[in-house]
Amino acid sequence: MVKVTLKTESLLPPARPPRELLSGKRHLTPKEIYVLIQNRNVSSDPDWQNVYVSDGPGEFFPEQIIQSEFDGWVVLGKLRPAALNYHDLELDTGIYRSVLKDVLTGDDCVIRNVSYLQNYRIGSRVVLFNIQEMSCTEHSKFGEGVLKAGEAEENRIWIGVGNENNARAVLPFTSMLPGDAYLWSRYREDSALMRRFVELTENGNDKAAPTFGIVEDDAVIKNCTLLKDARIGSCAYIKGAFKLKNITVLSSEAEPSQIGEGVELVNGIMGYSSRVFYQAVAVRFVIGRNCQLKYGARLLNSVLGDNSTVSCCELLNNLIFPFHEQHHNSSFLIAATVQGQSNIASAATIGSNHNSRSPDGEMIAGRGFWPGLCSDFKYDSRFASFVLVAKGSYQYDLNITYPFSLLGTGKGENAVHIIPGYWFLYNMFAIVRNKYKFAARDKRVVKVQHIETDPFAPDTIQEVVCALERLVELTGRYLKLPRDKCDELTQFNPEPDMLDSFRDRAARVTTEKELYAIAKDYLHQNPLVKFLLTDDRCQKKYGALIYKPAQGYKEYRRITKYFAVSAIMDWLEENGCDRMSEHEFERLRGIPLYLKWENVGGQIIPCDKVSELFGKIKDGSINSWQQVHDFYDECQRSYGDYKARYALYLMEFLYSRKVTEFDSGTFSDIKKDVAYVSVNMLESSIASRDKDYTDFFRTVTFRNKEEMEAVLGTLKDSDFLQVLRSETETFCERLERFFRNLC
């Protein structure tokens, strides 16, 4: 029911603004009041004592206010004859055909055709043009998960990331990073930590402070229907928005944000330099820096990491790390934690199927998750980093632990098929391109969230190590199979006598450790053999068939060596050295060794450091999210040291002895494999790109070679390949220096 409040002159004394707003201000002169009345302006106070203007000479021209209404109190900044220009829009400064109530404006603003503007503080050089309603209530939190004085706990705005039942919900705040949301959403068993996260979010919140909307300097807002409880940053550009309610739009001159036609944003925070337009909808959200949400996309109960683009599709209850790409109208993603550098193909319906009667299934996917066209999965499912999923319907829960692998469905079979190390065997170009393209696409001016863009980093390499051990374990099972079953799983064996010998040895062992050593030896000595392994942990009920395990094992080892040597070479360079020696090995041993790593919103942090962070939060050493972010910075400063120490451990792990026991032959073997990977990256990239010019079917749409080159360019024109060639040459030179004292 509409409430009616009668206003009479005797009941309502002139409204007065807060005292701090009146510095340098004065009341209107009788002459100014006369001009205002002549220009068909009205005030709720017949004496116009509720309006304050700038008191400097020549700083207020009443002629710039026409056919407007002033209610409550209004404090105006400098108002002089001038024009503001933005793109093709040019408007005279002043207030025209607008209603203002409890409003403060900065200098030289345009307020034109604003039907209702209430309880806002407006910066200087702001354009407000053709707005139906722009108001702010006393209880607004601008999308943050805080409470005002006297509000009940149920009034908080939570974002239910990663789970449809809000069991992983987090409280949004303006400086939230994907790393913050990740730690909050994953460690739910630690109730003390969960309480402290709420306290960190409330830190600095003056619950009793008055609330008012904010539009900062140089913002432009035009042709909008409703802005309610909005905080708009400087230089933001908003045009044609339908509804902006209880939101913060972070924007600055260096990182301006934009909101376009038909957009609806409710209960959320939009990051610096982000763009939301073309009927996109977001409700209960945090959008990171340099993101795009467009073409009817729906983002609900989700956190979207920096440098991400979402078009057309729908995302519900998700935590998404930086560099996420999701397009096409049929894409769908729900109840997932996707750890960045991901690409969701058209018609992927991820999250529509559950294997329980309640909507509490989840998915977590490591970096580089790439499901193919029309893929769908049953929850719960988990994917290692850089898993490429072939088109198909996956009928059972998945646990894909092999990074850089290809996953597919078998024809007429219930077991899924996996090729471990597929990217290294057949698609090295994509890996190399990923490394460069993500770094090139990082357009953030201020980089608060640290993002690891190299596919070869501690988080992915630790998965490679686990995959290596799993392949050896499963190969041991293969060697102990009955003869007929072993023959059935063997596809190509250039050394049949060797297989018989290893099977005999495997049959005689009495411990798992002995069997592991035999299986590892077999993979080393017979790298060309092709056989199938069965892994019951990869899919519920039917498991998986592992193709080309010997080849995958070999590539995994090569990549691990490549990472290890690269990390140590980078560490040496940072420490002013270019070759390895016993002295440098000893220096490395003085650095703390961390074997477990976590992808925290895009930043790779040792798990022990995460535990250290939690301890500091719970004991009160860390009391704000800014201090949490300072801890992230501290970890990043030591990241090169930690990687190099882990790299030394990996070399010793691969050869089962300390590096001080390596001979020149061992170092030569490492050097050879690392050089192979480096050169293979370049050659594979050239070969993959060359197919665009030489493959018959890729040329059938062109009339001739000249048309093709006009459209595609030439191979030698590729900036990426030129950079890669140069960097490969430099890497190989560094490699020679690195091993000069070792081989």
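Here is a short chat about a sheet, a helix and a cavity in this predicted model.

Me: What makes β35 and β36 paired strands?

Reply: Two strands pair if there are at least two bridges between them. Four bridges join β35 (residues 406–409) to β36 (residues 416–419), so the pair meets that cut-off. The two strands run antiparallel. For concrete partners, look at L407, which stands opposite I418 in β36, and at G408, whose bridge partner in β36 is H417.

Me: And what links β35 to β36 along the chain?

Reply: They form a hairpin, with six residues between the strands. In the turn, G412 has a positive phi of about 70 degrees.

Me: How do you know that β33 and β35 pair, and in which sense?

Reply: β33 (residues 388–389) and β35 share two bridges. The rule asks for at least two, so they count as paired. The sense here is parallel. V389 stands opposite L407 in β35, and L407 also stands opposite I418 in β36.

Me: Why is β30 called an edge strand, and which other strand is one?

Reply: The open sheet has six strands, in the order β30-β33-β35-β36-β40-β39, with mixed pairing. β30 (370–371) pairs on one side only, and that also goes for β39 (533–535), which makes these two the edge strands.

Me: What packs on that sheet, and how do you know that there is contact?

Reply: That's helix α6 (residues 458–479), which touches β39 and β40 (544–546). Contact here means heavy atoms within 4.5 Å. The direction of α6 makes about 115 degrees with that of β39.

Me: How many cavities make the count, and what is the volume of the largest?

Reply: Three cavities are of 30 Å³ or more. The largest has a volume of about 80 Å³.

Me: What makes a residue part of the lining of the largest cavity?

Reply: A lining residue has an atom within 4 Å of a cavity point. Among those lining the largest cavity are E325, Q341, W370, K437 and R441. α5 (428–441) and β27 (342–344) each give two or more residues to this lining, and α5 has the largest share, with four residues.

Me: What is the make-up of that lining by class?

Reply: Three nonpolar, five polar and three charged residues. G368 is in the lining, and Gly counts as polar, so G368 goes with the polar ones.

Methods:
Residues numbered from 1 in each chain as written. Predicted model: local features only at pLDDT ≥ 70, side-chain atom pairs only at ≥ 80, totals over all residues. Heavy atoms only, no water. Axes fitted to C-alpha atoms, helices over the stretch in contact; angles between N-to-C directions. 1 Å grid on protein atoms, 1.4 Å probe; cavity = no way out; pocket = protein on both sides within 12 Å on 5 of 7 lines; lining within 4 Å. Points joined across faces, edges and corners; volume = space filled by probe spheres on them.
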